[in-house]
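This report describes how the helices of one protein model are arranged and then turns to individual residues. Please read it alongside the sequence and coordinates.

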Amino acid sequence: MKSENVMYQEAQTWKKQNEQIREWLLTHPMRVQPGMWSPAINLTEVLGEELERELKNARRPGRTSLRYRLQYLLLSILALQRRSFKTESGSDPQCGSNG
């Protein structure tokens, strides 16, 4: 699976390519088949909106995802519980190492 940074960079690359294709279509309408020019422009607009949405929702460099923040929070809570359990069981006279 690709990392979020790689996916973000790929989305930026696709967005630039989509903009270049749209610009070419607008400057060279005679080089496209007569019935295909308008649908091609519409397709580039739709793809541009999707890529913009994807880039907006993508993880920006330096930020952690919700999954990793929740995982870190859960692990820290479990570590605190484990530490408090060890201190409670260590003070119990029946659990001592006196043998």
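Helix H1 (residues 4–27) and helix H2 (residues 37–57) pack at an angle of about 155°, and their axes lie 9 Å apart; axes here are lines fitted to C-alpha atoms, for helices over the stretch in contact, and angles run from 0 to 180 degrees between N-to-C directions. Because angles over 145 degrees count as roughly antiparallel (under 35 as roughly parallel, 65 to 115 as roughly perpendicular, and the rest as oblique), H1 is roughly antiparallel to H2. The crossing of H1 and H2 is left-handed, a term used if the near helix is turned anticlockwise from the far one by less than a right angle, with clockwise giving right-handed.

On the H1 side, the residues making the contact include Tyr 8, Ala 11, Trp 14, Asn 18 and Leu 25, while those of H2 include Trp 37, Ala 40, Thr 44, Gly 48 and Leu 51; contact means heavy atoms within 4.5 Å. By class, the contact of H1 with H2 has 12 nonpolar, four polar and five charged residues, where Ala, Val, Leu, Ile, Met, Phe, Trp, Tyr, Cys and Pro count as nonpolar, Asp, Glu, Lys and Arg as charged, and the others, Gly among them, as polar.

The model is predicted, so local features need pLDDT of at least 70 and side-chain atom pairs count only at pLDDT 80 or more, whereas totals for chains, interfaces and linings use all residues. Residues are numbered from 1 along each chain as its sequence is written, and side-chain values use heavy atoms, with hydrogens and water left out.

The protein has three helices and zero strands, in the order α-α-α from the N terminus on; helices (H or I, at least four residues) and strands (E, at least two) are DSSP runs, numbered from the N terminus. Of the 99 residues, 11% are buried, meaning under 20% relative accessible area, with exposed set at over 50% and partly exposed in between (1.4 Å probe, protein chains only). Among contacts between residues at least 6 apart in sequence, 54% join residues at least 24 apart.

Three residues in these helices are compared below.

| Residue | Helix | Relative accessibility |
|---|---|---|
| Asn 18 | H1 | 10%, buried |
| Asn 42 | H2 | 41%, partly exposed |
| Leu 51 | H2 | 13%, buried |

Leaving aside residues up to four places away in sequence, Asn 18 touches Thr 44, Leu 47, Gly 48 and Leu 51. With the same exclusion, Leu 51 touches Ala 11, Trp 14, Lys 15 and Asn 18. The C-alpha atoms of Leu 51 and Thr 13, which are 38 residues apart along the chain, are separated by 9.9 Å. Asn 42 and Arg 22 are 20 residues apart in sequence and 9.4 Å apart in space, C-alpha to C-alpha.
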